[in-house]
Amino acid sequence: MKIGINCGHTASGAGYGAVGIIEESLHTRLVGNCLMEKMRNAGIKVTDCTVDRAASRKEYLAETAAKANREELDWFVSIHFNASADHQGRGVEVYTYQGRQYPEALAVCTSMRELGFCDRGIKDGTGLYVIRQTKAKAMLIEVCFCDNQADVDLYYAAGAHDAVARAVLSAFIPAVKEGLWQHKNHAAEFIQFVGRVAGKDWRERKIILPSVVTAQAIKESAWGTSELARQANALFGIKENGWTGRIYVKTAVEQRKDGSYYAVPQTKWRAYDSPEQSILDHNDYIATRSTDGGRTLRYQPVIGCDNYILACQYLQKCGYATAAGYADSLIHDYIEKYNLTQFDFWEENLKQKI
Ligand SMILES: [Zn+2]
């Protein structure tokens, strides 16, 4: 089987994707690249039909179809994220030529529905250039709505690009599905695991507040489902920076001050023997990281800070993440939403139980 994958839209300029709470062009690449890797690992021949730059939207579409038609493909799959004028749209939809109900297209909808997304079904994509102009059987997947907070939350809670890639892969290789839903109560278990390790470390070393560590772990590892988490037990994206242990090499996605993204290939990341080691090393890193040979500590204001709002703001201010809104996201999307401060007041909690 040979499948052409198109990470929808260009990476910048003409043909760039929708910009919602998350950016379509970035996440089509995260999903598409992850999907291509999984397909190759599963023995499927894959052709990358992604077009990063074009002089116009028209040229982007023509070049995409040309890439797909250059080879004999069994399938052409284009990955997109939806947006709606009132930002209220939710769920997955799949476009095919004349709305044909291919089993693979139906399976994508089913798998996405099982991840929790609303299933908008198969739609007539005859009017879409890349559906009409490609010779292979074609589907264009609108994963979910990038401008709807509930859909974006669900996307991350379900395991982000990795979970979507698995859902699409399972449409082509049904056996993949066996391992797909092993994490039914995954979110709750993940929170308890990280919260307990971080809580114990806070009581012993008072480095960084457990609610903050737990929020960081959820956000950075997409609930423990990211490539770094799975391949390297790394719940945080900590780069090599003087690490003498194992490393894992993969592309980093960074954000510029103007909000745009760029990739740094061949980035070296710290790899661990267990997720627990990853949490403790993260705290060591916060406690000891210095960029001037140890004269000053980069995260000094974070260390021992027992106010989660301030701790998150200090992390951002001290340069922990390049992503804009990192602190706000930790506070609102995770700590407050999932009541992560339950791990900060351990003694109080214990007293209440007595
Ligand atoms: Zn799109």
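This passage describes the two domains of a predicted model, the contact between them and a zinc site.

The domain assignment divides the protein into two parts. Domain 1 covers residues 2-179, and domain 2 covers residues 186-349. Their C-alpha centres lie 30 Å apart. The two domains touch. Domain 1 gives 13 residues to the contact, and domain 2 gives 12 residues. About 940 Å² of area is buried between domain 1 and domain 2. Carbon and sulfur atoms give 51% of that area.

Polar and charged groups also meet at this interface. Three residue pairs are in polar contact across the interface of domain 1 and domain 2. Three elements each give two or more residues to the side of domain 1 that touches domain 2. They are helix H1 (24-41), helix H5 (149-157) and helix H6 (160-172). The residues on this side of domain 1 comprise five nonpolar, two polar and six charged ones.

Salt bridges were then examined. Side chains of opposite charge can pair when their charged atoms come close. The whole structure holds 16 salt bridges. Two salt bridges cross the interface of domain 1 and domain 2. Asp153 and Lys337 form a salt bridge through their side chains, with N and O 2.8 Å apart. This pair links distant parts of the chain. Asp153 sits in helix H5. Lys337 sits in the loop between helix H12 (326-336) and helix H13 (346-353). The two residues are 184 residues apart.

The model also contains a zinc ion. Which residues are its protein donors? They are His9, through NE2, Glu24, through OE, and His80, through ND1. These donors lie 2.1 to 2.2 Å from the zinc ion. Along the sequence, the spacing of the donor residues is H-x14-E-x55-H. His9 lies in the loop between strand E1 (2-7) and H1, while His80 belongs to strand E3 (residues 75-82). The pair therefore ties together parts that are 71 residues apart in sequence.

Terms used. Residues numbered from 1 in each chain as written. Predicted model: local features only at pLDDT ≥ 70, side-chain atom pairs only at ≥ 80, totals over all residues. Heavy atoms only, no water. Domains from an automatic or database assignment. Contact = heavy atoms within 4.5 Å. Buried area = accessible area lost by both parts, 1.4 Å probe. Salt bridge = Lys/Arg side-chain N within 4 Å of Asp/Glu carboxyl O. Polar contact = N/O pair within 3.5 Å; in protein donor to acceptor, adjacent residues only side chain to side chain. Helix = DSSP H or I, 4+ residues; strand = E, 2+ residues; numbered from the N terminus. Nonpolar A, V, L, I, M, F, W, Y, C, P; charged D, E, K, R; others polar. Donors = N, O, S within 2.8 Å, 3.2 Å for Na, K, Ca; no water.
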